[in-house]
Amino acid sequence: MRVFSGIQPSGDLHIGNYLGAVKQWAATQSTDSLYCVVDLHALTLQIDPATLRTQTDDLLAALIAAGLDPSRCTLFVQSHVSYHAQLSWLLECVATYGELTRMTQFKEKAERQEGYRVGLLTYPVLMAADILLYQTDQVPVGDDQRQHLELARDLAERFNNRYGAIFTVPVGVQPPAAARVMDLQEPTRKMSKSVSSPLGTIYVLDPPEAIERKVKKAVTDTDGEMRFDWDHKPGLANLLEIYAGFSGERPDAVAARFSRYGDLKRELAELIITELAPIAERYRELRASGPELRGIANDGAEKARHLAGATYQRAAAAMGLS
Ligand code: AQP
């Protein structure tokens, strides 16, 4: 079964990315899985070129440290495989302006940026190209990507109906808990790389003291009643989801084991630190080995190019390009 997923090098990896996506990638990876640092997507934001280059390498190292094994899966950088941008153009000529302007993430991000780029509107089409190029069956992603994944499915079906059966229609896979981790200070907003919220975001490479502090200061509520209830107790529900994401339990089962918020927070911080500390250590070793990281990315791109090229050629020919 072919699996594909991607992540933007738009900032440091946080526990939302980790629990929503990367942890499942590492757990289910096989020789048929491809994982991609989607640097072209990061260009939709204002990002300094040198920073983008560094963050791409940082993220490659963080993904390997978090458990992706390049000898089992294919790990590569999106811009190294030019078919992504090429197929994106073909799919832009299948997508409609109306469906792109309806995307929630576009509306939210456009509101935060003055003079936003056209790429912010069209990036879900590039994401569809990323997925469809590899004849992907499953896309493990966080809950925030659900709508974009639906678009990828719609475009695949529309293309296949119009030009012939070229693309596999993919399905999204979400983790059983923590599919949408919220900001610890503002639990009605998702934890995000590109929005600055120093106390509300736990980074995978945070030192233990920082993790402890952030969990301790996480916003809850004043009634003190331990109950898993997103509608009325979002701060607590978020902590229970994060706990469940790390421990593999169900959030309501976690709630049943604790009576005091303070105890839950103390154990949660310990649980996070125990899982993340070895990742941070491996990351530091890998980051010190620059050439090795480049070699991994080059090998990955070569494998990806081979698969992507075959699909692109078929799609282009089906549309009448000679
Ligand atoms: N808060 C989250 N909870 C669970 N999963 C999440 N993901 C992102 N945020 C959360 C999942 O992480 C994977 C990679 O995300 P991305 O880099 O493609 O960008 P994003 O979804 O837009 O995430 P960010 O971190 O908020 O980045 P910026 O701020 O740059 O937009 C995806 O599978 C995503 O679902």
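This report describes the ligand site, an aromatic pair and two backbone angles in a predicted model.

**Ligand site**

The ligand occupies the space of the largest pocket. Around the ligand stand 24 residues, of which Ser 10, Lys 109, Asp 144, Lys 193 and Ser 194 come nearest. Sorted by class, this shell holds twelve polar, seven nonpolar and five charged residues.

Several elements of secondary structure take part in the shell. At least two residues each are supplied by β1 (3–7), α1 (15–28) and α6 (104–112). Helix α1 gives the largest share, with four residues.

Polar contacts of the ligand include those in the table below, which names the ligand atom, the protein partner and the distance.

| Ligand atom | Protein partner | Distance |
|---|---|---|
| Nitrogen | Polar backbone atom of Gly 16 | 3.0 Å |
| Oxygen | Side-chain N or O atom of Lys 109 | 2.5 Å |
| Oxygen | Side-chain N or O atom of Asp 144 | 2.5 Å |

The contact with Gly 16 is thus made through the backbone, whereas Lys 109 takes part through its side chain, and so does Asp 144. Taken alone, the ligand exposes 630 Å², and the protein buries 98% of that area. Lys 109 and Asp 144 also belong to the residues that come nearest to the ligand.

**Aromatic pairs**

A search of the whole structure yields nine aromatic pairs. One of them joins Phe 106 and Tyr 116, with ring centres 5.4 Å apart. Because the planes of these two rings meet at 85 degrees, and an angle over 60 counts as edge-to-face, the pair falls into that class. Phe 106 belongs to helix α6, while Tyr 116 lies in the loop between α6 and α7 (118–132). The two residues are ten residues apart, and their pair links distant parts of the chain.

**Backbone angles**

Most residues other than glycine have a negative phi. Which residues other than glycine have a positive phi here? Gln 135 is one of them, with a phi near 50 degrees. This residue is placed in the loop between α7 and β4 (138–140). Ala 178 likewise has a positive phi, of about 65 degrees. Its position is in the loop between β5 (171–173) and α9 (208–216).

Note on methods. Residues numbered from 1 in each chain as written. Predicted model: local features only at pLDDT ≥ 70, side-chain atom pairs only at ≥ 80, totals over all residues. Heavy atoms only, no water. Near = heavy atom within 4 Å. Polar contact = N/O pair within 3.5 Å; in protein donor to acceptor, adjacent residues only side chain to side chain. Areas by Shrake-Rupley, 256 points an atom, 1.4 Å probe, with all protein chains shown as cover. 1 Å grid on protein atoms, 1.4 Å probe; cavity = no way out; pocket = protein on both sides within 12 Å on 5 of 7 lines; lining within 4 Å. Sits in = over half its atoms within 2 Å of the grid points. Nonpolar A, V, L, I, M, F, W, Y, C, P; charged D, E, K, R; others polar. Phe/Tyr/Trp six-rings, centres within 6.5 Å; stacked < 30°, edge-to-face > 60°.
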